[in-house]
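Trainee: I have a structure open and would like to learn how to read it. Could we go through it together, one feature at a time?

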Amino acid sequence: MTRIVEAADRGALARLLAGEIAAVLAAAVRDTGRAALAVPGGTTPAAFLSALGGHALDWAAVAVTLTDERCVPAGHPRSNRRLLDETLFAGPARAARFVALDDGEALSALLPLDACVLGMGKDLHIASLFPGADRLEDALSPECATPALRLRAPGAPEERITLTAPALTGAGRCFVLIHGAAKSEALDRAETAAGPADAPVRLVLDGPNPATVYWAP
């Protein structure tokens with residue numbers, strides 16, 4: 001059964017998850033001298049990213065990547081990297097090292113992730129693993145040979161690049177951050193879906209380190 005952590009409001013949820021991730025990263029740095037984190041883009045995680053970026057960690061020992069990115073020019077309004085610059089990297093976390101998804105060598109060296117935070121759409125997608133995407137079967141395969149893959153999804157105006165199944169399920173800790181009744185209802189649908197092809201979020205809910213869902217109204 002999926003573990004769900006609830007908060008009274010979205011601000012409280014952002015702070016709660018930020019504290020949890022900060023603790024995971026601090027422990028990884030203490031134990032291994034380094035930490036690796038993947039975070040989502042979109043509108044939902046902005047408050048969480050800002051809260052996390054304000055934590056006093058040894059950010060110089062932390063590497064950060066995105067769970068997915070739209071293939072748009074740097075600084076584009078739809079760029080997830082731009083969101084990071086405006087939130088996570090606006091505070092002490094600017095000392096962290098950013099690893100782009102299209103830098104295959106650096107991304108492979110980053111793995112396994114210590115923590116991975118994902119959003120989830122009403123269509124049950126995570127990262128850019130959308131139902132019906134042209135290379136979804138490859139991206140969901142546990143044998144996928146690359147940590148990130150380019151694909152196109154129905155309704156998405158641009159090509160995407162996304163972390164693939166081995167990178168996502170290999171994370172030491174995985175979290176899904178969602179808000180509102182519609183996302184809660186979508187999560188209920190995911191529980192009864194046939195599998196990740198229909199409900200990609202099932203990839204991490206059923207993975208070797210099952211994701212914890214953080215939800216607020």
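Trainee: Let me start with a strand: which residue stands opposite Cys116 in S6?

Mentor: Ala38 stands opposite Cys116 in S6. Before we go on, a word on the source: this is a predicted model, in which local features need pLDDT of at least 70 and side-chain atom pairs count only at pLDDT 80 or more, while totals for chains, interfaces and linings use all residues. Residues are numbered from 1 along each chain as its sequence is written, and side-chain values use heavy atoms, with hydrogens and water left out.

Trainee: Thanks! What do labels such as S6 stand for?

Mentor: Helices (H or I, at least four residues) and strands (E, at least two) are DSSP runs, numbered from the N terminus. Strands of a sheet pair through backbone hydrogen bonds, either parallel or antiparallel. Here two strands count as paired if DSSP finds at least two bridges between them.

Trainee: In what order do the strands of the open sheet lie?

Mentor: The order is S1-S10-S9-S6-S2-S3-S5, an open sheet of seven strands with parallel pairing. S1 and strand S5 (97–98) are the edge strands, each pairing on one side only. Now follow the neighbours. Strand S2 (residues 35–39) is joined to S6 by two bridges, and S2 also pairs with strand S3 (residues 62–66) over five bridges, in the parallel sense. In that second pair, Ala36 stands opposite Ala63 in S3. S6 and S9 run parallel and are joined by four bridges, with Val117 opposite Phe175 in S9.

Trainee: Are the residues on the two faces of strand S6 buried or exposed?

Mentor: Here is the general idea: in a regular strand the side chains alternate between the two faces of the sheet. We call a residue buried under 20% relative accessible area, exposed over 50%, and partly exposed in between (1.4 Å probe, protein chains only). In strand S6 (residues 115–118), Ala115 and Val117 on one side and Cys116 and Leu118 on the other are all buried, and both faces are covered.

Trainee: How do I read a helix in that way? Which residues of helix H7 are buried?

Mentor: In helix H7 (residues 180–192) they are Gly180, Lys183, Ala186, Leu187 and Ala190. Seen down the axis of H7, these buried residues fall within an arc of 105°, so they line one face of the helix; the arc is that of the directions from the helix axis to the C-beta atoms. The face turned away from the buried side carries the exposed residues Ala181, Asp188 and Thr192.

Trainee: What do the buried residues of H7 pack against?

Mentor: They pack against strand S1 (3–6), helix H1 (10–32), S9, helix H8 (202–205) and strand S10 (212–216). Contact means heavy atoms within 4.5 Å.

Trainee: And which residues of helix H2 are buried?

Mentor: In helix H2 (residues 46–53), the buried residues are Phe48, Leu49, Leu52 and Gly53. They cover an arc of only 130° around the axis, which puts them on the same side of H2. They pack against H1, S2, helix H3 (80–86), S6 and S9.

Trainee: Could we try a single residue? Why does His179 count as buried?

Mentor: His179 lies in strand S9, and it counts as buried because its relative accessibility is 15%. Leaving out residues up to four places away in sequence, His179 touches Arg10, Leu13, Thr44, Trp215 and Ala216.

Trainee: Let's finish with empty space. How much of it lies in the largest pocket?

Mentor: Rolling a probe the size of a water molecule over the atoms shows where empty space is left. On a 1 Å grid over the protein atoms alone, a cavity is a set of points where a 1.4 Å probe fits but cannot get out, and a pocket is an open set with protein on both sides within 12 Å along at least five of seven lines; lining residues have an atom within 4 Å of a point. Grid points are joined across faces, edges and corners, and a volume is the space filled by probe spheres set on the points. The largest pocket holds about 380 Å³ of space. Its lining has 22 residues, and the closest to its centre are Gly41, Gly42, Gly119, Met120 and His125.

Trainee: And how many cavities of 30 Å³ or more does the structure hold?

Mentor: The structure holds one. Among the residues that line the largest cavity are Leu168, Cys174 and Pro208.
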